[in-house]
Amino acid sequence: MPAQLISGTQLSQHLREDIARRAAALTAQGKQPGLAVILVGEDPASQVYVRNKVKACGDAGFHSVLEKYDATMAQADLLARIDALNRDPAIHGILVQMPLPKHIDANKVIEAISTRKDVDGFSVLSAGELMTGLPGFRPCTPYGCMKMIESTGVPIKGKHAVVIGRSNTVGKPMALLLLQANATVTICHSNTPDLALHTRQADIVVAAVGRRNTLTADMVKPGAIVIDVGMNRDDQGKLCGDVDFSAVQQVAGWITPVPGGVGPMTITMLLVNTLESAERI
Ligand code: NAP
């Protein structure tokens, strides 16, 4: 039997109805949730991402501002803008779209965002909160993946989870969230000699690599939950993930599609973080 689809689009729709209700309640109290999105440069993919994020804010009844700057923007000017947004009471979340132009130190920029408004969850403090199990902003992509895994109804506790990829924004926080949910977690990366040896033992596989066909059907345990974070292009230029979807679908128990999987959930969790920030501030 082919795997059941975990639709990020459907799950997002359901979650966003609740988000919109909570946002309306806050707005009625004079505290409309507000997100500021900053884009520096003209990267085409980033332009699409920020447009989608701002549109999602509007649809959920949030206030949002999109600030676009030339790729030559000085780092000091960007830091000054963040400082102003940190002090703006209408803004509860600040997102600086990555990647930034090379002359700007991304770490400095991330750390300049007030920890109360770090809705991307990329700061050292947010990472430390996740690491130590304290409440705080969770990075949106792995947070969304957790919601998708939970939506299957399969208990995570006691399962073996394999995360492929160890970036600070996806792989590492994903592994920590699974660990917090009492999975036994293996993290694989480009120096892992035999990736299939690990993935074949996994009840849950999260692929966050950025290379298509990284996970093929022979690497998957029958019935496993497969979450595909990757965003790549196939030979026809169509969007695809890291997973050989059509073949893995015949083996896995649950699988996320690309597009329509992790992408929409990432934006949904950005809304959740911004909403919760507004509820807290
Ligand atoms: P990244 O920073 O480039 O990290 C990729 C990771 O994959 C690295 O840890 C790397 O290992 C590992 N890797 C590379 N080749 C490998 C191999 N052959 N076997 C095992 N591991 C390998 O990328 P990222 O930011 O985490 O993003 C990963 C993918 O997710 C990208 O396609 C990105 O576009 C996508 N993404 C999607 C969303 C969404 O909302 N849908 C959000 C974020 C990212 P090393 O550490 O050893 O180099």
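**Exercise 1. Which residue forms a salt bridge with Arg 22, and how far apart are the closest N and O atoms?**

Some ground rules come before the solution. The model is predicted, so local features need pLDDT of at least 70 and side-chain atom pairs count only at pLDDT 80 or more, while totals for chains, interfaces and linings use all residues. Residues are numbered from 1 along each chain as its sequence is written, and side-chain values use heavy atoms, with hydrogens and water left out.

Solution.
- Step 1. Apply the criterion: a salt bridge is a side-chain nitrogen of Lys or Arg within 4 Å of a carboxyl oxygen of Asp or Glu.
- Step 2. The partner of Arg 22 is Glu 276, with the closest N and O atoms 3.7 Å apart.
- Step 3. Place the pair in the fold: Arg 22 lies in helix α1 (residues 8–28) and Glu 276 in helix α10, so the bridge ties together parts that are 254 residues apart in sequence. Helices are DSSP runs (H or I, at least four residues) and strands are runs of E (at least two), both numbered from the N terminus.
- Step 4. Check exposure, where buried means under 20% relative accessible area, exposed over 50%, and partly exposed in between (1.4 Å probe, protein chains only). Arg 22 is partly exposed at 28%, and Glu 276 is partly exposed at 26%.

**Exercise 2. Locate the salt bridges of Asp 59 and Asp 203.**

Solution.
- Step 1. Recall the principle: side chains of opposite charge can pair when their charged atoms come close.
- Step 2. Asp 59 meets Lys 55 at 2.7 Å, N to O. Both residues lie in helix α2, 4 residues apart, about one turn of the helix. Asp 59 and Lys 55 are exposed.
- Step 3. Asp 203 meets Lys 221 at 2.8 Å, N to O. Asp 203 sits in the loop between α8 (195–199) and β7 (204–207), and Lys 221 in the loop between β7 and β8 (225–228), so this pair ties together parts 18 residues apart in sequence. Lys 221 is partly exposed, with 31% relative accessibility.
- Step 4. Salt bridges that share partners join Asp 18, Arg 22, Glu 276 and Glu 279 into one network. The whole structure holds 9 salt bridges.

**Exercise 3. Describe the surroundings of the ligand.**

Solution.
- Step 1. Count a residue as near if one of its heavy atoms lies within 4 Å of the molecule. There are 21 residues around the ligand, and Arg 166, Ser 167, Ser 190, Met 231 and Thr 266 come nearest.
- Step 2. Sort the shell by type: 7 nonpolar, 12 polar and 2 charged residues. Here Ala, Val, Leu, Ile, Met, Phe, Trp, Tyr, Cys and Pro count as nonpolar, Asp, Glu, Lys and Arg as charged, and the others, Gly among them, as polar.
- Step 3. The largest share of the shell, 3 residues, comes from helix α10 (residues 262–280).
- Step 4. List N or O atoms paired with a ligand oxygen: a side-chain atom of Ser 190 at 2.6 Å, a side-chain atom of Thr 266 at 2.9 Å, and a backbone atom of Val 229 at 3.4 Å.
- Step 5. The protein covers 69% of the 930 Å² of accessible area that the ligand has on its own. Such areas come from the Shrake-Rupley method with a 1.4 Å probe; for residues, only the protein chains shown count as cover.

**Exercise 4. Is Thr 274 buried or exposed?**

Solution.
- Step 1. Thr 274 lies in helix α10.
- Step 2. Thr 274 is buried, with a relative accessible area of 0%.
- Step 3. A polar atom of the Thr 274 side chain lies 2.8 Å from the backbone oxygen of Leu 270.

Note on methods: A polar contact is a pair of N or O atoms within 3.5 Å; within protein, one must be able to donate a hydrogen and the other to accept it, and residues adjacent in sequence count only if both atoms are side-chain atoms.
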